[in-house]
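Colleague: I'm new to this structure and would like a close look at one part of it. Pick a single strand and walk me through what surrounds it.

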Amino acid sequence: MSSRKNKIMSLSGGNLEDKTTKGLQTTFKRVLKNGMHGLCFSAYEDGQNIGAQLSESQIRRRMKMIVPYTKWVRSFSCTQGNELIPVIAKEYGLKTLVGAWLGSDTKINAQEIIGLKKLANDGFVDIAAVGNEVMYRGDLTEEALITYIKDFKKDINNIPVGYVDAYYEFEERPKITEVCDVILANCYPYWEGCAIEYALIYMKDMYQRALKAGNGKKVIITETGWPSEGKGLHGALPSFENATKYFINAQEWSTLDDIKMFYFSSFDEPWKVTAEGDVGAYWGLWDKNEKLKYNYNFIDFNKNKFFLINSY
């Protein structure tokens, strides 16, 4: 039994179950300091909602905070100030995965595609994402999405182009998979109710399924993460402890197996409670006040309360 348990633990991550609170803190800081492949950039401040005009100053302030910890940054839109994110990222020497946000409004979609093309032509895009979870939301038909992707590729042929969605969409929609240069897969064990003990094994399976669907194409995990607070979903329980463990396991696997991964997310986003409930506001490594959430001297994991905050 013990050997079987050890095998499961090795697949699940770095045997974190026996670590003390201090041990988890130390490991988190080490892993963060070693850096990530990529980080999803959340620019909306507390009090702002999606669609608000982003200022250069708020983007620059937050970008400066994450620069020491990541090589790539991912943005989600090319309008309403979001177009400044890849420009500023390049100033700081980061590579960029830049997305055009597509939905049911054709006028907005056209603006997004124009914005993405301009950024690409100006040299601010290393990988382009035409649409994010459009199939999952049901905002467009497959044919309409493919038309947008082909339209972009017709004018921009010097960078990889893909589409972002849940890993299983690339199995179920081979026409979309075929038109993509790269498979941009979101992998969330949390959203499928997986307990933290098996979350890394689950994510590895998600990645392998996307890899098989891609049939030789490069696969990038464009989102994965774990919330620090909220009500939970089946066996998946939000907490500071679980979020810390998931971050450590995901990043160490990414490094060990050379998995290109964008962690979700940089900062907590209170506006997301409308779409995702209370858990939506707590996916960031930094909180809504731009303080590193897991940067503590001591934390009661069971109560999710800070007792002493330490600068990092």
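Modeller: Here is a tour of one strand, its neighbours and the pocket beside this part of the chain.

A word on the model first: it is predicted, so local features need pLDDT of at least 70 and side-chain atom pairs count only at pLDDT 80 or more, while totals for chains, interfaces and linings use all residues. Residues are numbered from 1 along each chain as its sequence is written, and side-chain values use heavy atoms, with hydrogens and water left out.

Let's take β4, which covers residues 127–132. Strands here are DSSP runs of E with at least two residues, helices are runs of H or I with at least four, and both are numbered from the N terminus. β4 is well hidden: 6 of its 6 residues are buried, meaning under 20% relative accessible area with a 1.4 Å probe, protein chains only.

What does β4 pair with? One partner is β3 (residues 95–100), which runs parallel to β4 over 4 bridges. The other is β5 (residues 161–166), also parallel to β4, with 3 bridges joining the two. Strands count as paired if DSSP finds at least two bridges between them.

Ala 129 is a handy spot to zoom in on. Toward β3, Ala 129 is the bridge partner of Gly 99; toward β5, Ala 129 is matched with Gly 162. So you can step from Gly 99 to Ala 129 and on to Gly 162.

Now for the way the chain gets from β3 to β4. Helix α5 (residues 106–121) makes the link, and together the three form a right-handed β-α-β unit. With the strands pointing away from you, the path from the first strand over the helix to the second runs clockwise.

Follow β4 to its last residue, Asn 132, and you meet the largest pocket. Its volume is about 1100 Å³. A pocket is an open set of points on a 1 Å grid over the protein atoms alone, where a 1.4 Å probe fits, with protein on both sides within 12 Å along at least five of seven lines; lining residues have an atom within 4 Å of a point. Points are joined across faces, edges and corners, and the volume is the space filled by probe spheres set on them.

There are 41 lining residues, and the closest to the pocket's centre are Trp 101, Asn 132, Glu 133, Arg 137 and Lys 272. The elements giving two or more residues to the lining are α5, α6 (134–137) and α12 (273–276). Helix α5 has the largest share, with 4 residues. That brings us back to the helix between β3 and β4.

Technical notes
Buried < 20%, exposed > 50% of the residue type's maximum accessible area, 1.4 Å probe, protein only.
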